[in-house]
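Thanks for coming. I'll walk through one model with two chains this morning, starting with the overall picture and then going residue by residue. Please have the structure open while I talk.

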Amino acid sequence: MYRQGDLLFIKTDTEPSGAKKHDMVVLGSSITGHEHAITAGEVWTNQPTRKNNANFYVVIPSGGANLVHPEHKTIPLQEGVYKVIRQREVNGYVRD
Amino acid sequence: MLEIKQLVENRHKIPDEFWLDEVFWFYETHSDGLEIKVSCYDWDAERIGLTKDGNIVWAFDSGCSCTGEWADFDLQKCPTKSHKEFILSDFMKERDQYSEITTTEDDILKSINNALLLVREDVEPKEVLSSENAEIRRYLIKRIGYEKIKADVGAKVLHTDGTSELLRFKTGEMYVKVKDSSTDREYLLFVKGNHETCKSAIAWTFGLREHEYNPIIET
C-alpha cells in the first residue's frame, strides 16, 4: 500500500475494470496542471461520480514502473495491479 | 451579477497557485470547482473560468466516455464575455446549445462565492471551515492561522499523531489535520464517524478502516 498525495495505491488480485485510458495519467489537476502518472503500464477507470471515491486501477508491467508527480517524491511500484483510491471528505469532496 | 463582478474586480488578489495558464477555473461540472480535476469521463464535463484580463471563459470536454473512447480534455473556449456583459442566465442558454448540461445557476453561484473567499479580507474562521473546497480551505488556514481558527471555533484536540491532529468542534463536526510530507501543506479534512485516532480518521478518508490503512511509503 502506497500513498502519494491524496491517492492511495493498494495491490490487488482483482482484474482492472472500466475502460483503459489512452495515457498514463492517473489523475490530473485543472488548477495546477500537475499530474499523478505512471512511467509504464496502463491506467483503467470507471466513471467516477461526485459522491464516490473514484475507481481507478493501474497495471504495472514486469520490471516495475514509477509513480511520479511534480510535487511529490517518486514511488517505485512493482509488477501487478493496483487499485487507486482518492482521498475524500464528507459529502464526497476531494482535494486537489 | 454582483458576485462575478466582485471576483473580477479583485482577481489580482487570487493567489498565483490558483491560476493555470492565465485562467482561474472557479467552476467545474461534477465538482465545486477547484476539486475534481481534469476529467475526461463525462462528455458534458465543463468549466467556467476567469482570465487575468477580466473575461469569463468557458470550456468543455470533447471526449466521449460513453463509447469507451478516451480523449484528451481539450479546452474549447467559446466566445468570452467581459464581466460587464456577463449575465448568468444568458450564459446558460448559450451553453446549452453545445451539450446537455445538468448543472444549475445555483451550482455556479455557489462556486463563485466559494472562490470569493480567496479575495475577501474579512473571512471568518467558521467560513473557512464551511468552504467545500479543501484547497481554498488549506490556503485560508495558512493565511489566517491554524491555531487562531481552532481557538475561534472552539476545537478540541482528541488525538495527536506526529503532525496530524484529530479535532472535534463545538458543533460536533470532526476534522483531521494532515500535513503533506512532500509539499508541507496542511489540510483540514472534514470526516464522518466517531473516530478516536488520527489514523482512523485518515483511513476513513480513503474508505478504509483503521486496521486496513497501512501505507509502507507515503509521499
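**Two chains, a few residues**

In chain A, 56% of the contacts with a separation of 6 or more are between residues 24 or more positions apart. Keep in mind throughout that this is a predicted model.

Let me stay with chain A for a moment. What is its secondary structure made of? Zero helices and ten strands. Read along the sequence, the pattern is β-β-β-β-β-β-β-β-β-β. The chain has 96 residues, and 55% of them count as buried. About 3,900 Å² of chain A is exposed, with 46% of that supplied by carbon and sulfur atoms.

Chain B has seven helices and nine strands. Of its 219 residues, 52% count as buried. For contacts between residues at least 6 apart in sequence, the share in chain B that joins residues at least 24 apart is 44%. The exposed area of chain B is about 10,300 Å², and carbon and sulfur atoms supply 46% of it.

Now to single residues, beginning in chain A. Find Q4(A), which sits in strand β1, residues 2–4 of chain A. Is Q4(A) buried or exposed? Its relative accessibility is 0%, so Q4(A) counts as buried. Its side chain has several polar partners to look at. A polar atom of that side chain lies 3.2 Å from the backbone oxygen of L67(A), and one lies 3.3 Å from the backbone oxygen of K73(A). There is also a polar contact, at 2.8 Å, between the side chains of Q4(A) and H36(A). Leaving aside neighbours within four places in sequence, the contacts of Q4(A) include V68(A), T74(A), I75(A) and, from chain B, T219(B).

That brings us to H36(A), in strand β5, residues 35–38 of chain A. H36(A) has a relative accessibility of 6% and therefore counts as buried. Which residues does H36(A) touch, not counting those up to four places away in sequence? Among them are D6(A), L7(A), M24(A), V25(A), V26(A) and L27(A), as well as V68(A), H69(A) and H72(A). For a sense of distance, take N66(A): it is 30 residues from H36(A) in sequence, and the two C-alpha atoms are 10 Å apart in space.

One loop residue in chain A as well. G64(A) is in the loop between β7 (56–60) and β8 (65–69). Not counting residues up to four places away in sequence, G64(A) touches A40(A), L77(A), Q78(A) and E79(A). P16(A) is 48 residues from G64(A) along the chain, and their C-alpha atoms are separated by 17 Å.

Over to chain B, and a pair of helices. Helix α5 covers residues 134–144 of chain B, and helix α6 covers residues 146–153. Their axes come within 6 Å and cross at roughly 95 degrees. That crossing makes α5(B) roughly perpendicular to α6(B). Which residues meet there? From α5(B), L140(B), I141(B) and I144(B); from α6(B), Y146(B), K148(B) and I149(B). Sorted by type, the residues of this contact are five nonpolar, no polar and one charged.

Y146(B) comes up again with the next residue, K177(B), since K177(B) touches Y146(B). K177(B) is in strand β7, residues 174–179 of chain B. K177(B) is a lysine with 9% relative accessibility, so K177(B) counts as buried. A polar atom of its side chain lies 2.9 Å from the backbone oxygen of T163(B). Other residues that K177(B) touches include S164(B), E165(B), E186(B), Y187(B) and L188(B).

Last stop: helix α7, residues 198–205 of chain B. Why is α7(B) described as largely enclosed by the rest of the structure? Because seven of its eight residues are buried. Those are C198(B), S200(B), A201(B), I202(B), A203(B), W204(B) and T205(B). And what covers them? The cover includes β10 (80–86) of chain A, along with β5 (156–161), β6 (164–168), β7 and β8 (186–191) of chain B. After α7(B) comes G207(B), which has a positive phi, near 75 degrees.

That is the tour. I'll take questions now.

Methods. Residues are numbered from 1 along each chain as its sequence is written. Chains are lettered from A and ligands numbered from 1 in the order in which they are written. This is a predicted model: local features need pLDDT of at least 70, side-chain atom pairs count only at pLDDT 80 or more; totals for chains, interfaces and linings use all residues. Side-chain values use heavy atoms; hydrogens and water are left out. Helices (H or I, at least four residues) and strands (E, at least two) are DSSP runs, numbered from the N terminus. Buried means under 20% relative accessible area, exposed over 50%, partly exposed in between (1.4 Å probe, protein chains only). Contact means heavy atoms within 4.5 Å. Accessible areas come from the Shrake-Rupley method with a 1.4 Å probe; for residues, only the protein chains shown count as cover. Axes are lines fitted to C-alpha atoms, for helices over the stretch in contact, and angles run from 0 to 180 degrees between N-to-C directions. Angles under 35 degrees count as roughly parallel, over 145 as roughly antiparallel, 65 to 115 as roughly perpendicular and the rest as oblique. Ala, Val, Leu, Ile, Met, Phe, Trp, Tyr, Cys and Pro count as nonpolar, Asp, Glu, Lys and Arg as charged, and the others, Gly among them, as polar. A polar contact is a pair of N or O atoms within 3.5 Å; within protein, one must be able to donate a hydrogen and the other to accept it, and residues adjacent in sequence count only if both atoms are side-chain atoms.
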